[in-house]
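Here is a short set of exercises on side-chain contacts, each with a worked solution. Have a look at the structure first, then try each task before reading on.

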Amino acid sequence: PNPGEELNPGDETPARLAASAIVLRDGDDGVDVLLVQRNPDASFMGGAWVFPGGSVHDSDDGERGAALRELEEEAALAVRDPDELVAFSRWVTPAEVKKRFDTWFFVMRAPQGQEPKVDDAECVDFRWISPRGALEAGERGELLLVFPTIKHLEQLAELESVDHALEVARGRTVEPVQPRVIVKDDHAQVLLPGEPGYED
């Protein structure tokens, strides 16, 4: 399980609407992505390296507004134009988990002339890193990565540039992806739609 996640033996918990900003810049080999590290003391996802994001508030201008607000709160990057964000994916936490989110992920170009800075409260560190480099660091145990982040990094690793990423995103029809958690013999496995066993 991801840090702070618990399986839910009771009625399904409604998913809270959330949004994340996948901030990209051109790197030496494809794109670099901005990851922030959540406070290790946090009860949920403590210590995990994630894309800036969080729950949508009533005061937000929809999912894009929430993504931009969270980006400024967690990484001190101020972007005022919601059109800078292009919908990339939508992930829904498995029904088998207690704390659930219906999260829109948006890709965007890093704003010029600004450098990220964490608040040392909700987030304690940041880094620009290639998606493949992040995945390799996760495999070595250097970065704590959660399942949705890993799956997005795998897709981002195939992109050649920020322009390519935005082009791919604009050509997508975003459909919700809801993994399932299958527990057998005290072992939990996460399955994506279309994978063997998902429909069982």
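The exercises below go through charged pairs, aromatic pairs and charges over rings.

This is a predicted model, in which local features need pLDDT of at least 70 and side-chain atom pairs count only at pLDDT 80 or more, while totals for chains, interfaces and linings use all residues. Residues are numbered from 1 along each chain as its sequence is written, and side-chain values use heavy atoms, with hydrogens and water left out.

**Exercise 1. Describe the salt bridge of E122 and R38, and place both residues in the chain.**

Step 1: Start with the rule. A salt bridge is a side-chain nitrogen of Lys or Arg within 4 Å of a carboxyl oxygen of Asp or Glu. Side chains of opposite charge can pair when their charged atoms come close.

Step 2: Apply the rule. E122 and R38 form a salt bridge, with N to O at 3.7 Å.

Step 3: Place the partners. E122 is in the loop between β6 (101-109) and β7 (123-129), whereas R38 belongs to strand β2 (residues 31-38), so the pair links distant parts of the chain, 84 residues apart. Helices (H or I, at least four residues) and strands (E, at least two) are DSSP runs, numbered from the N terminus.

Step 4: Check accessibility. Buried means under 20% relative accessible area, exposed over 50%, and partly exposed in between (1.4 Å probe, protein chains only). E122 is partly exposed because its relative accessibility is 32%, and R38 is buried because its value is 17%.

**Exercise 2. Work out which parts of the chain the salt bridge of D102 and R90 links.**

Step 1: The side chains of D102 and R90 meet in a salt bridge at 2.7 Å, N to O.

Step 2: This pair links distant parts of the chain, with D102 in strand β6 and R90 in strand β5 (residues 86-92), 12 residues apart.

Step 3: D102 is buried at 12% relative accessibility, while R90 is partly exposed at 23%.

**Exercise 3. Explain how E154 and K151 are placed in helix α3.**

Step 1: E154 and K151 form a salt bridge whose closest N and O atoms are 3.4 Å apart.

Step 2: The two residues are separated by about one helical turn because they lie 3 residues apart in helix α3 (residues 147-156).

Step 3: Both ends are partly exposed: E154 has a relative accessible area of 36%, and K151 comes to 21%.

Step 4: For wider context, shared partners join the salt bridges of D60, R69, E70 and E73 into one network. The count comes to 12 salt bridges.

**Exercise 4. Classify the aromatic pair of F51 and F105.**

Step 1: Rings of Phe, Tyr and Trp (its six-membered ring) pair if their centres lie within 6.5 Å; planes under 30 degrees apart count as stacked, over 60 as edge-to-face and the rest as tilted. The structure holds 4 aromatic pairs.

Step 2: The ring centres of F51 and F105 are 6.2 Å apart and the planes stand at 85°, so this pair is edge-to-face.

Step 3: F51 is in the loop between β3 (49-50) and β4 (53-55), and F105 is in strand β6, 54 residues apart. Both F51 and F105 are buried.

**Exercise 5. Find the rings under the charged ends of K99 and R127.**

Step 1: A charge sits over a ring if NZ of Lys or CZ of Arg is within 6 Å of the ring centre and within 35 degrees of the ring normal.

Step 2: K99 has its charged end over the ring of F44, 4.7 Å from the centre.

Step 3: R127 has its charged end over the ring of W49, 4.9 Å from the centre.
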